[in-house]
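Here are my notes from a first pass through the model you sent over. I've kept them as numbered points so you can follow along with the coordinates open.

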Amino acid sequence: MNKEKFTVIGAGLTGPLLATYLAQRGYSVEVFERRPDMRKESISAGRSINLALSARGNHALKEVGLYDKIKAITIPMKGRMIHDLNGSTHLQPYGQKENEVIFSVSRAQLNMELMTLAEETGNVNIRFNHHLLSADLDQNKLMFQSYDSLEEIELSFNRVIGCDGSASILRKSIVEKANAQYVKKPLGHGYKELTIPPRYSGKFQIEPNALHIWPRGNHMLIALPNNDYSFTCTLFFPMMGPTSFKTVKTKKNILDLFQSQFPDVIKLMPNLVEDFQKNPTGDLASVYCKPWHLGGKALLIGDAAHAVVPFFGQGMNASFQDCSTLANLMGQNENDWETIFKDFSSTQVENGHAIANMAIENYLEMRDHVNDPEYKKRRNVELKLERMFPGQFIPRYSMVSFHKIPYAEVYQQGEKQFKIISDVLMADPSGQSIDKAMVEKMLS
Ligand code: FAD
């Protein structure tokens, strides 16, 4: 048993997974989490109630041995079910292969399973109700507020890893001490969760094997299925402005908004007004930070390092891939933490920035472009090119969701492919014929 001890801040999705990777390699890990233990007390797991899990996340779950258990509680989603204003719907598949689906999973269930898995290693101790207040990276001291004793507690650490999410306290200290570049860019749009309950007969009210989208230009509603036959819906909407979360408040405002934008949804949501008024409005921002480490002493991972807006369904998947990448580096540089942290930061920072940018671009695609004839034409060409050049031309959505290709590479490849599609359409605006030799040359 390796005696080295790690301190991990945060037992959200990333913290317990990372703790498991460390524990499985013989390290002992103490995790500090500000919330109580959600396995014992009923608390909101916060933010979106379900999440889309895809290849990168699944890969990490396989590595730590949790995949089969989680797979059993997921619901596959084959594509985007687009809901037009007139109530008509059509499915836009995510991929062309049978296994190219993403999976809806309960955030709380996944979080609880990850915590239990970490504890079952025997090397992880999760201390709940401990809120990190500050970190002194010169003296290796962490200051916590204990919600049990109501006292402030100072603790020493050997190596500390921040999995404390987008508002990370550890990041503040790393940014100061490492003189890191840091910017948090608000999206200007926020979100609110609403619910489509099951039918009275205990079945889904709408198609379960799809991610539903009501795209409406500068805002949208989405819905992901849950195992209890309900859907968690999320309204993405401007935070400020004439029609925004700031102005839509009263029952009349809410019903007017839904009547004009989502008329087919009103009958599916009996508690619409109550939920809208009761549920909090979440803010959305992207975090860009570089580097993510301070020597071999402190490191950021997950949302603490790279919070991204949720439109590619990748925040958690990227965070899980971080853990897998870090574990790989541990294998390559046994106990040389300066090198491990440095290499991790230098490879992953650009991937974090790439997925942050792609996620913002995907918001425009989801809320605005999916019904645009030009978008549909480009998508058709993209799928044709994938069939013509298997393994060589992979649509960007597929590279992100069904592969583990580093995001920065996906971004570059996506730019190149965007140009190829433009050139194909320039040569034949109908997109019917494709000059294979021209594409081959551009791909090489
Ligand atoms: P978090 O989940 O934020 O966990 C941080 C943990 O640290 C929490 O438990 C918190 O209580 C604790 N903590 C924070 N500060 C302190 C402190 N000072 N002291 C002690 N503990 C602290 N990703 C996907 O892959 N697919 C999706 O479909 C998807 N949908 C999303 C929808 C929405 C609306 C949002 C907002 C995000 C979505 N994400 C999605 C992103 C995903 O939620 C995050 O990427 C993921 O939760 C990151 O995990 P984390 O553990 O790094 O951070």
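1. Let's start with Arg 80, which counts as buried because its relative accessible area is 5%, under the 20% cut-off. Keep in mind that this is a predicted model. The Arg 80 side chain meets that of Glu 365 in a salt bridge, 3.2 Å from N to O. This pair ties together distant parts of the chain: Arg 80 sits in strand E5 (residues 79-83) and Glu 365 in helix H11 (residues 337-369), 285 residues apart.

2. Helix H11 turns up again in the pair Glu 361 and Arg 396. Their closest N and O atoms are 2.9 Å apart, in a salt bridge. Arg 396 belongs to helix H13 (residues 396-402), and the two partners are 35 residues apart. Glu 361 is partly exposed at 31% relative accessibility, whereas Arg 396 is buried at 16%.

3. A local pair for contrast: Arg 379 and Glu 382 form a salt bridge with closest N and O atoms 3.0 Å apart. Both residues are buried. They are three residues apart in helix H12 (residues 373-388), so about one helical turn separates them.

4. How many salt bridges does a search of the whole structure find? The count is 17. Elsewhere, Asp 37, Arg 39, Lys 40 and Glu 119 are joined in a salt-bridge network.

5. Now Arg 171, in helix H5 (residues 169-178). What does a buried arginine without a salt bridge have around it? The nearest side chain of opposite charge is Asp 164, 6.9 Å away; a salt bridge needs the atoms within 4 Å, so this pair does not qualify. The Arg 171 side chain does reach the backbone oxygen of Ser 166, at 2.6 Å. Its contacts beyond four places in sequence include Tyr 182, Val 287, Cys 289 and Asp 303.

6. Asp 303 brings us to the ligand, since it is among the closest of the 32 residues surrounding it, along with Thr 14, Glu 33, Ala 52 and Arg 107. A polar side-chain atom of Asp 303 lies 2.7 Å from a ligand oxygen. Another ligand oxygen contact, at 3.0 Å, involves an N or O atom in the side chain of Asn 317. On its own the ligand exposes 990 Å², and the protein buries 93% of that. Strand E3 (50-53), strand E9 (130-136) and helix H10 (315-332) each give two or more residues to the shell, with H10 giving the most, at four. His 131 also places a polar side-chain atom 3.4 Å from a ligand nitrogen.

7. Some backbone spots to check by eye. Most residues other than glycine have a negative phi, and most peptide bonds are trans. Asn 129 has a positive phi of about 60°; this residue is in the loop between strand E8 (124-127) and E9, and is buried at 15%. Tyr 229, with a positive phi of about 75°, lies in the loop between strand E15 (220-225) and strand E16 (231-238) and is partly exposed at 34%. Lys 290 and Pro 291 are joined by a cis peptide bond, with omega about 0°. Pro 291 is in the loop between strand E17 (282-290) and strand E18 (293-294).

8. Last, Val 265 in helix H7 (residues 263-266). Is this residue buried or exposed? Val 265 is buried, at 0% relative accessibility. Leaving aside neighbours within four places in sequence, Val 265 is in contact with Trp 214, Leu 221 and Phe 258.

Methods: Residues are numbered from 1 along each chain as its sequence is written. This is a predicted model: local features need pLDDT of at least 70, side-chain atom pairs count only at pLDDT 80 or more; totals for chains, interfaces and linings use all residues. Side-chain values use heavy atoms; hydrogens and water are left out. Buried means under 20% relative accessible area, exposed over 50%, partly exposed in between (1.4 Å probe, protein chains only). Lys and Arg count as positive and Asp and Glu as negative; His and the chain ends are not counted. A polar contact is a pair of N or O atoms within 3.5 Å; within protein, one must be able to donate a hydrogen and the other to accept it, and residues adjacent in sequence count only if both atoms are side-chain atoms. Contact means heavy atoms within 4.5 Å. A residue is near a molecule or strand if one of its heavy atoms lies within 4 Å of it. Accessible areas come from the Shrake-Rupley method with a 1.4 Å probe; for residues, only the protein chains shown count as cover.
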